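Student: Could you take me through one part of this model slowly? I'd like to look at a single strand and whatever sits on either side.

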Amino acid sequence: MDEKIKYELEFPITSSPQLLYQYISTPSGLSEWFADNVNSRGEFFTFIWDDSEEKARMSSKKTGEKVKFRWVDDDNNDGEYYFELRILVDEITKDVSLMVVDFAEEDDLQESKQLWENQVSDLKHVLGSV
């Protein structure tokens, strides 16, 4: 497998940080925009899309600010890669943004970014932030 490249994307979101946090940190919130279905058992989250399933561990969180999910293997061992969702609030304007940190193989980089753009677009619709 090729080495994956870390990338970051920032999306302006019209929402309170508290409400946005519910959509990035809970199974019910994530299933509204990130995956078709999300189940959790303790710190382990299972993300389900169509006919595929991926498992991740919530490796860190700071209430109202960020969550980080590390992909795990079938035995729940941490993998090398993760994705992180961070809520940024501009100190002066109070504008809210969602920062996405993820990894993709070089050949898949544009496709991965496009996927995030589509998913965050769904999130904005759910939040009424369009």
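Tutor: Sure, let's start with one pair of residues: Val67 has Leu85 in S6 as its bridge partner. Keep in mind that this is a predicted model, so read everything below as a description of a prediction.

That pair belongs to a longer match. Strand S5 (residues 66–72) and strand S6 (residues 78–89) are antiparallel, and six bridges hold the pairing. Follow the chain from S5 to S6 and you go round a hairpin with five residues between the two strands. Have a look at Asn76 in that turn: its phi is positive, about 65 degrees.

Now go to the other neighbour of S5. Strand S4 (residues 52–62) is also joined to S5 by six bridges, and these two run antiparallel. Here you can find Lys62 opposite Lys66 in S5. S4 and S5 make a hairpin too, with three residues between the strands, and Gly64 there has a positive phi near 80 degrees.

So how covered is S5, with S4 and S6 as its partners? Mostly covered: of its seven residues, five are buried. "Buried" here stands for a relative accessible area under 20%.

Let's step out to the loops next to this part. Just before S4 comes the loop that links it to strand S3 (44–49), and Asp50 lies there. Asp50 isn't a glycine, yet its phi is positive, near 40 degrees. With a relative accessible area of 72%, Asp50 is exposed. Past S6 you meet the loop leading to strand S7 (96–105), which is where Lys94 is found. Lys94 is another non-glycine residue with a positive phi, near 65 degrees. Lys94 is exposed as well, at a relative accessible area of 55%. The cut-off for calling a residue exposed is over 50%.

One last stop, away from the strands: helix H1 (residues 17–25) and helix H3 (residues 109–127). Their axes come within 12 Å and cross at roughly 130 degrees, so H1 and H3 are oblique to each other. The crossing of H1 past H3 is right-handed. On the H1 side you'll see Leu19, Leu20 and Tyr23, and they meet Leu123, Val126 and Leu127 in H3. Sorted by class, that contact has six nonpolar residues, no polar ones and no charged ones.

Terms used. Residues are numbered from 1 along each chain as its sequence is written. This is a predicted model: local features need pLDDT of at least 70, side-chain atom pairs count only at pLDDT 80 or more; totals for chains, interfaces and linings use all residues. Side-chain values use heavy atoms; hydrogens and water are left out. Axes are lines fitted to C-alpha atoms, for helices over the stretch in contact, and angles run from 0 to 180 degrees between N-to-C directions. Helices (H or I, at least four residues) and strands (E, at least two) are DSSP runs, numbered from the N terminus. Angles under 35 degrees count as roughly parallel, over 145 as roughly antiparallel, 65 to 115 as roughly perpendicular and the rest as oblique. A crossing is left-handed if the near helix is turned anticlockwise from the far one by less than a right angle, and right-handed if clockwise. Contact means heavy atoms within 4.5 Å. Ala, Val, Leu, Ile, Met, Phe, Trp, Tyr, Cys and Pro count as nonpolar, Asp, Glu, Lys and Arg as charged, and the others, Gly among them, as polar. Buried means under 20% relative accessible area, exposed over 50%, partly exposed in between (1.4 Å probe, protein chains only). Two strands pair if DSSP finds at least two bridges between them.
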